Amino acid sequence: MKNAIASMVFGCAAALSASAYAAGDMSNMNMMSGAQQSGDAKNSMSHGEVKKIDNAAAKLTIKHGPLENLGMEGMTMAFKVKDPAMLSQVNVGDKIDFVAEEVNGALTVTKLQKQ
């Protein structure tokens, strides 16, 4: 019985010391809130090249690098545009910076500027 109690005491002590060690020095950790982090990622511009403009469908086909805010690798794909006026701002072959977000289930360019 003494061995069982001693084992439980030792186990609790080990657990407490492990959690204290894990809490340790947090001075180099980024304590920014998740909302602020996702807001920064959401507003960061991605880079790409316009491959096709579809005025009838209000879509741009863009060859792009990674879209960090969406967790996507680089590829070529079509995006809806938030404002159809964006389509007249670019031509096929233009290098662009843009923000794409999921809007009502569709990947949509919400910000666009030529490089």
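Two strands are said to pair if DSSP finds at least two bridges between them. In this predicted model, β4 and β5 meet that description as a hairpin with two residues between them, and N104 in its turn has a positive phi of about 50°. The protein chain contains two helices and five strands, and the strands form a closed barrel with mixed pairing in the order β1-β2-β3-β5-β4. From one strand to the next, the twist averages 55°.

**Overall composition**

- Along the sequence, the elements of the protein chain follow the pattern α-α-β-β-β-β-β.
- The protein chain has 115 residues, of which 25% count as buried.
- About 7,900 Å² of the protein chain is exposed, and carbon and sulfur atoms supply 56% of that area.
- Among contacts between residues at least 6 apart in sequence, 48% join residues at least 24 apart.

**Strand pairing around the barrel**

- Strand β1 (residues 46-54) runs antiparallel to strand β2 (residues 59-64), and six bridges join them.
- Within this pairing, V50 has I62 of β2 as its bridge partner, while K52 is matched with T61 of β2.
- Strand β2 also pairs with strand β3 (residues 75-81) in the antiparallel sense, over six bridges; here H64 stands opposite M75 of β3.
- On its other side in the barrel order β1-β2-β3-β5-β4, β5 pairs with β4 in the antiparallel sense over eight bridges, and the bridge partner of E101 in β5 is T108.
- Strands β1 and β4 are likewise antiparallel, with four bridges, and S46 stands opposite F98 of β4.

**Hairpin turns and positive phi values**

- In general, most residues other than glycine have a negative phi.
- The hairpin of β1 and β2 has four residues between the strands, and A58 is found in this loop.
- A58 has a phi near 55°, a positive value in a residue other than glycine.
- A58 counts as buried because its relative accessibility is 19%, and the cut-off for buried is under 20%.
- N104 lies in the loop between β4 and β5, and its phi is near 50°, again a positive value in a residue other than glycine.
- N104 is exposed because its relative accessible area is 82%, where exposed means over 50%.
- The two turn residues thus carry positive phi values, about 55° for A58 and about 50° for N104, but A58 is buried whereas N104 is exposed.

**Nonpolar core**

- The largest nonpolar core comprises 17 residues, and L60, F79, F98, V109 and L112 have the most contacts inside it.
- Strands β2, β3, β4 (95-103) and β5 (106-114) are the elements that give two or more residues to this core.
- Leaving aside residues up to four places away in sequence, F79 touches A58, K59, L60, I62, H64, L67, F98, A100, L107, T108 and V109.
- The neighbours of F79 therefore include L60, F98 and V109, which are also listed among the core residues with the most contacts.

Methods: Residues are numbered from 1 along each chain as its sequence is written. This is a predicted model: local features need pLDDT of at least 70, side-chain atom pairs count only at pLDDT 80 or more; totals for chains, interfaces and linings use all residues. Side-chain values use heavy atoms; hydrogens and water are left out. Buried means under 20% relative accessible area, exposed over 50%, partly exposed in between (1.4 Å probe, protein chains only). Contact means heavy atoms within 4.5 Å. Accessible areas come from the Shrake-Rupley method with a 1.4 Å probe; for residues, only the protein chains shown count as cover. Axes are lines fitted to C-alpha atoms, for helices over the stretch in contact, and angles run from 0 to 180 degrees between N-to-C directions. A nonpolar core is a set of buried Ala, Val, Leu, Ile, Met, Phe, Trp, Tyr and Cys residues joined through side-chain atoms within 4.5 Å.
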